[in-house]
Amino acid sequence: MEEIEATAASGTDVSRLVMLFSIPHFLRGIRRMGYFGSGDALSAVLVLSIIEANLRHIARDPVLALRHAAPDNPPPDEIRRPISVRALAASLRIPYDTARRRVAELEARDQCARTAGGVYVPARALQTPESLAALQETLQSTRQFRASLRAAAPEFDPTGGASPIPGLVAPTSPERLAARFAGEYLLRYAERLAETVGDLGRGLILLAIMQANVEPLLADPELARRHSSADNPPPDGLLAPVPVLSVSTDLGLPFETTRRNVHRLIRSGVVRRVRGGVIAPHDFLDREGSRVALAAHLADVQRSYGSMARLGIVFD
């Protein structure tokens, strides 16, 4: 709450602008996790949720967090805290059977392990060449997102005014630490999507639609600035329609699954069919719930970058 109030006190609402630039950042993060499970967006979010639950206590302990900041030093399995499959399903708003089936697939690939207390992603699964490459890409994407925000909204401080904790030595190789906080941000993002439409899968589909829709605004900084506030969503005429087939390809989901979920989004008024494909229309973007979500997302951005700044990871 403090972060939302601090941003509002600056006098300029850029919550929609921050959301615009966050969409490709979020989807890039999900694609980076594509080497887990069946390689689709849902598997990626599921793995992120398991990892976040396993390591949440480490992220909250500055000494432990800095000890395991570098790519070559992941937290050992014995200090990872497992999560039950039922709790996992509830947190992501997906059916228990879906979560159970996905976890079994991860286990079969040796990307997940089970104990009496639940499941965890073992350290060995986070030290593969694919995982180490993803760490580097995550740090670069986090830096790129910060640079995009600085260029588009120089009045917005993503750290919420946070500064390094006195006495702590900043890590020289912060890739794993940055990925931990970036993963928490991505997971909160996914959970808010699930809350918006009542289902994680449909939430991911909605976001892929929105990404295609806002490409004209991302390509034109001045146009994006005109629609930077929560109270000024872009009109439908500025949005680029996207075919359903493109959405399914982008997310790695079966076309029929995507088509069925798009129809549900249309029936609920979240998505509209127009010439050339589908859009998330102005009247959805202008709902009170959407404006509340924008403010919450702004706080999530500041929480993530603020946590990194307190541990000495600064991108300016």
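Begin by selecting Arg93, which sits in the loop between helix α5, covering residues 85-92, and helix α6, covering residues 96-108. Keep in mind throughout the tour that the structure on your screen is a predicted model. If you look at the backbone of Arg93, you will find that its phi is near 60°, which is a positive value in a residue other than glycine. With a relative accessible area of 43%, Arg93 is partly exposed, because that value falls between the 20% under which a residue counts as buried and the 50% over which it counts as exposed.

Now follow the chain along helix α6 and select Asp110, whose place is in the loop between α6 and strand β1, the latter made of residues 113-115. Asp110 is not a glycine, and yet it has a positive phi of about 60°. Its relative accessibility is 39%, and Asp110 therefore counts as partly exposed.

Next, select residues 129-152, which make up helix α7, and pick out Thr142 within that helix. Is Thr142 buried or exposed? Thr142 has a relative accessible area of 2%, so it is buried. Once you set aside the neighbours within four places in sequence, Thr142 is in contact with His25, Ala182, Tyr305, Met308 and Phe315. It is worth drawing a distance from Thr142 to the last of these partners: Thr142 and Phe315 are 173 residues apart in sequence, whereas their C-alpha atoms are 8.7 Å apart in space.

Stay in helix α7 and add Ser141 to your selection. At 3% relative accessibility, Ser141 also counts as buried. Which residues does Ser141 touch, not counting those up to four places away in sequence? They are His25, Arg28 and Arg32. His25 therefore deserves a moment of attention, because it appears among the contacts of Thr142 and also among those of Ser141, with contact meaning heavy atoms within 4.5 Å.

From Phe315 you can move on to the aromatic rings, since Phe315 belongs to one aromatic cluster together with Phe26, Phe145, Tyr185, Tyr189 and Tyr305, where rings are paired because their centres lie within 6.5 Å. Altogether, the structure holds 6 aromatic pairs. For a closer look at one such pair, select Tyr35 and Phe36, whose rings are 4.5 Å apart from centre to centre and whose planes meet at 35°, an arrangement described as tilted. The two partners can be compared by their accessibility: Tyr35 is partly exposed, with a relative accessible area of 22%, while Phe36 is buried, with a relative accessible area of 0%.

Finally, zoom out and display the whole chain, where the secondary structure comes to 15 helices and 4 strands. Along its principal axes, the C-alpha trace spans about 55 × 45 × 30 Å. A compact globule of 316 residues would have a radius of gyration near 20 Å, and the 19 Å of this protein agrees with that expectation. If you colour the residues by accessibility, keep in mind that 54% of the 316 residues count as buried. The protein exposes about 13,500 Å², and carbon and sulfur atoms supply 54% of that area. Among the contacts between residues at least 6 apart in sequence, 78% join residues at least 24 apart. As a last selection, colour the charged residues, and consider that the mean positions of the 38 positive and 35 negative charges are 5 Å apart.

Key. Residues are numbered from 1 along each chain as its sequence is written. This is a predicted model: local features need pLDDT of at least 70, side-chain atom pairs count only at pLDDT 80 or more; totals for chains, interfaces and linings use all residues. Side-chain values use heavy atoms; hydrogens and water are left out. Helices (H or I, at least four residues) and strands (E, at least two) are DSSP runs, numbered from the N terminus. The radius of gyration is taken over C-alpha atoms; the globule rule is 2.2 Å times the number of residues to the power 0.38. Buried means under 20% relative accessible area, exposed over 50%, partly exposed in between (1.4 Å probe, protein chains only). Accessible areas come from the Shrake-Rupley method with a 1.4 Å probe; for residues, only the protein chains shown count as cover. Lys and Arg count as positive and Asp and Glu as negative; His and the chain ends are not counted. The place of a charge is taken as NZ of Lys, CZ of Arg, CG of Asp or CD of Glu. Rings of Phe, Tyr and Trp (its six-membered ring) pair if their centres lie within 6.5 Å; planes under 30 degrees apart count as stacked, over 60 as edge-to-face and the rest as tilted.
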